[in-house]
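Hello,

Here is the structure for you to look over. My notes follow below.

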Amino acid sequence: MRTKKPNYTVVRCQTTDKLKILSLVYGGEEYKIIKDHIDIVYYNGDNRAEKKETKEMIKREIETLKENGIIADSQPKYIDDWIILEL
């Protein structure tokens, strides 16, 4: 039986400067410092249109972070770190 992944995307930022992250991006549901990085959690949406809009917003926000010198990316494995956490 295949388990369904949560309907979230995680963007991992290689910084611990939470104030800078908060000043650059706005769409996350949760911003958390974990060890040596900050994870931003985004709720993907309830329908196809919302999921597409969220995906485009995440892409823009990653580009904004990179333009400001913050290494950031999103990979499916990042959500695994959040499965045990209550969103």
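By class, 2 nonpolar, 5 polar and 4 charged residues line the largest pocket; Ala, Val, Leu, Ile, Met, Phe, Trp, Tyr, Cys and Pro count as nonpolar, Asp, Glu, Lys and Arg as charged, and the others, Gly among them, as polar. A pocket here is an open set of points on a 1 Å grid over the protein atoms alone, where a 1.4 Å probe fits, with protein on both sides within 12 Å along at least five of seven lines; lining residues have an atom within 4 Å of a point. Helix H2 (residues 48–67) supplies the largest share of the lining, 7 residues. Helices are DSSP runs of H or I with at least four residues, strands runs of E with at least two.

This is a predicted model, in which local features need pLDDT of at least 70 and side-chain atom pairs count only at pLDDT 80 or more, while totals for chains, interfaces and linings use all residues. Residues are numbered from 1 along each chain as its sequence is written, and side-chain values use heavy atoms, with hydrogens and water left out.

The largest nonpolar core (buried residues, under 20% relative accessible area with a 1.4 Å probe and protein chains only, joined through side-chain atoms within 4.5 Å) has 14 residues; Ile-40 and Leu-65 are among those that touch the most other members. H2 gives the most to this core, 4 residues. Apart from it lies another core of 5 residues, including Tyr-78 and Trp-82.

Strands E2 (residues 30–34) and E3 (residues 37–43) run antiparallel, joined by 5 bridges.

Regards

Conventions: Pairing = 2+ DSSP bridges. Buried < 20%, exposed > 50% of the residue type's maximum accessible area, 1.4 Å probe, protein only.
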